[in-house]
Amino acid sequence: MNTKIVSLNEDTIRFLVDGVNAAFANSLRRTMVAEVPIMTVEDIFYFDNSSIVPDEVLAHRIGFVPLTTDLDNYVLPEECDCEAELGCPKCRAGLTMDIEAKDDTVTVYSGDLVPEDPSIAPVSKRIPLAKLAPGQAIKFEAYAQLGQGKVHAKWSPVSMCVYQNVAFVDVEDEAATKECLDACGDDVAVIEGGVLKVIDIQGFERCRRCRELVRHEEIIGGLKKDEFLFTVESTGGLPPERIVKEAVKMLKQKLSTLKGKIEADDLHDEIRDFDLPEINEGKLYSVGSGDFDEDEGGNEEPQGDDVA
Ligand SMILES: [Zn+2]
């Protein structure tokens, strides 16, 4: 397996993975989306909320405000030894808000959240949360925890995480293609040994000259089955390269657990707990469908509510 970073900036990483199948690429994608933890507000205690936004709606909005995450100094609440319902300083970080509109209407922004620990703070200060009319106020204490996207989407560290195949196409006019590629950039396509490697198909087809030199059908016909371009965009909680690294670490851990279980022939413990309900084959309906007893004669018309 080979990897190569195509581009990296503050919130997006694009990289190539060569020598893996689509199942592996998808496992990596799913680990990034649903397993890599970030910090997000989970509990809120209101002291005052006289705005027109109901408590639950405001809490939901605040839950989706991306917070910068310090993965090295916090642990998941379920892995913390405190076992406290509200957590301890190792598994939660506090944020407070105390804002009141005096004479004018005030817009409450994510920047009005005051973090207890500066490393767990809103990524953007300009996310509107509510509006206050004169005399209205919002005052609360919030607790952020690490969590995973598979539990709630607010804990997903990525706003986009996709992969696509790269394509290899034979070019007829190498000089003309090279000239065009110089303008488009080598993160879009490169020429390797007389063959055009299209890394970013959308980016390539955005250029009219490239599009004229290589037809779309040729690109689709030249898709390589075992090389992928990943695009991972972070919500801002973690640097994008950290999300990839953490996902690889977690996937490795999962695979070694699976390997251990296979070697110990211990794959049935999860399945054993899953009791199948007894199926009465004479009945079409079981739970909550009223009385449908077939023994009571077949010609009777079902009556009243039982039909529904
Ligand atoms: Zn704890």
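**Strands, helices and their contacts in a predicted model**

Mentor: Let us begin with a pair of residues: A167 has V198 as its bridge partner in strand β11. The structure is a predicted model, in which local features need pLDDT of at least 70 and side-chain atom pairs count only at pLDDT 80 or more, whereas totals for chains, interfaces and linings use all residues. Residues are numbered from 1 along each chain as its sequence is written.

Trainee: What makes β9 and β11 a pair of strands?

Mentor: Strands pair if DSSP finds at least two bridges between them, and four bridges join β9 (residues 158-170) to β11, the two running antiparallel; by that definition they are paired. Strand β10 (residues 189-192) also pairs with β11 in the antiparallel sense, again over four bridges. Within that second pairing I191 is the bridge partner of L196, and A189 stands opposite V198.

Trainee: What is found between β10 and β11?

Mentor: They form a hairpin with two residues between the strands, and there G193 takes a positive phi near 55°.

Trainee: Which strands of the six-stranded open sheet stand at its edges, and why are they called edges?

Mentor: The order is β1-β2-β12-β9-β11-β10, with antiparallel pairing. β1 (2-8) and β10 each have a single partner strand, so one side of each is left without a neighbour in the sheet, and this puts them at the edges. From one strand to the next, the twist averages 20°.

Trainee: How do you know which elements count as helices and strands, and how many are there?

Mentor: They are DSSP runs numbered from the N terminus, helices being H or I over at least four residues and strands E over at least two. On that basis the protein chain comes to eight helices and twelve strands.

Trainee: Which helices lie on the six-stranded sheet?

Mentor: Helix α1 packs on it, touching β2 (12-18), β9 and β12 (223-234), with a direction that makes about 160° with that of β9. Helix α7 lies across β1, β2, β9 and β12, running at about 125° to β12. Such angles run from 0 to 180 degrees between N-to-C directions, with axes fitted as lines to C-alpha atoms, for helices over the stretch in contact.

Trainee: Why are α1 and α7 called roughly perpendicular?

Mentor: The axes of α1 (residues 22-34) and α7 (residues 240-263) come within 9 Å and cross at roughly 110°. Angles of 65 to 115 degrees count as roughly perpendicular, while those under 35 are roughly parallel, those over 145 roughly antiparallel and the rest oblique; α1 and α7 are therefore roughly perpendicular to each other.

Trainee: Which residues make their contact, and what is its character?

Mentor: S27, L28, T31 and M32 of α1 meet I243, V244, A247, M250 and L251 of α7, contact meaning that C-beta atoms, placed from the backbone, lie within 7 Å. These residues divide into seven nonpolar, two polar and no charged, where Ala, Val, Leu, Ile, Met, Phe, Trp, Tyr, Cys and Pro count as nonpolar, Asp, Glu, Lys and Arg as charged, and the others, Gly among them, as polar.

Trainee: What is the order of the four-stranded sheet, and what lies across it?

Mentor: This open sheet has the order β3-β8-β4-β6 with antiparallel pairing, and β3 (38-49) and β6 (114-115) stand at its edges, each with a single partner strand. Ten bridges join β3 to β8 (residues 137-147), and T40 stands opposite Q145 in β8. Helix α2 (residues 55-63) lies across β3 and β8, running at about 150° to β3.

Trainee: Is I52 buried or exposed, and how do you know?

Mentor: A residue is buried if 20 or more other C-beta atoms lie within 10 Å of its own, exposed if 12 or fewer, and partly exposed in between. I52, in the loop between β3 and α2, has 11 such atoms and is therefore exposed. Its C-alpha lies 7.8 Å from that of L132, although the two are 80 residues apart in sequence.

Trainee: What makes E83 stand out, and how is its exposure judged?

Mentor: E83 has a positive phi of about 55° although it is not a glycine, and it lies in the loop between α2 and β4 (92-100). With 10 other C-beta atoms within 10 Å, E83 is exposed. Of the 308 residues of the protein chain, 27% count as buried.

Terms used. Two residues are in contact if their C-beta atoms, placed from the backbone, lie within 7 Å.
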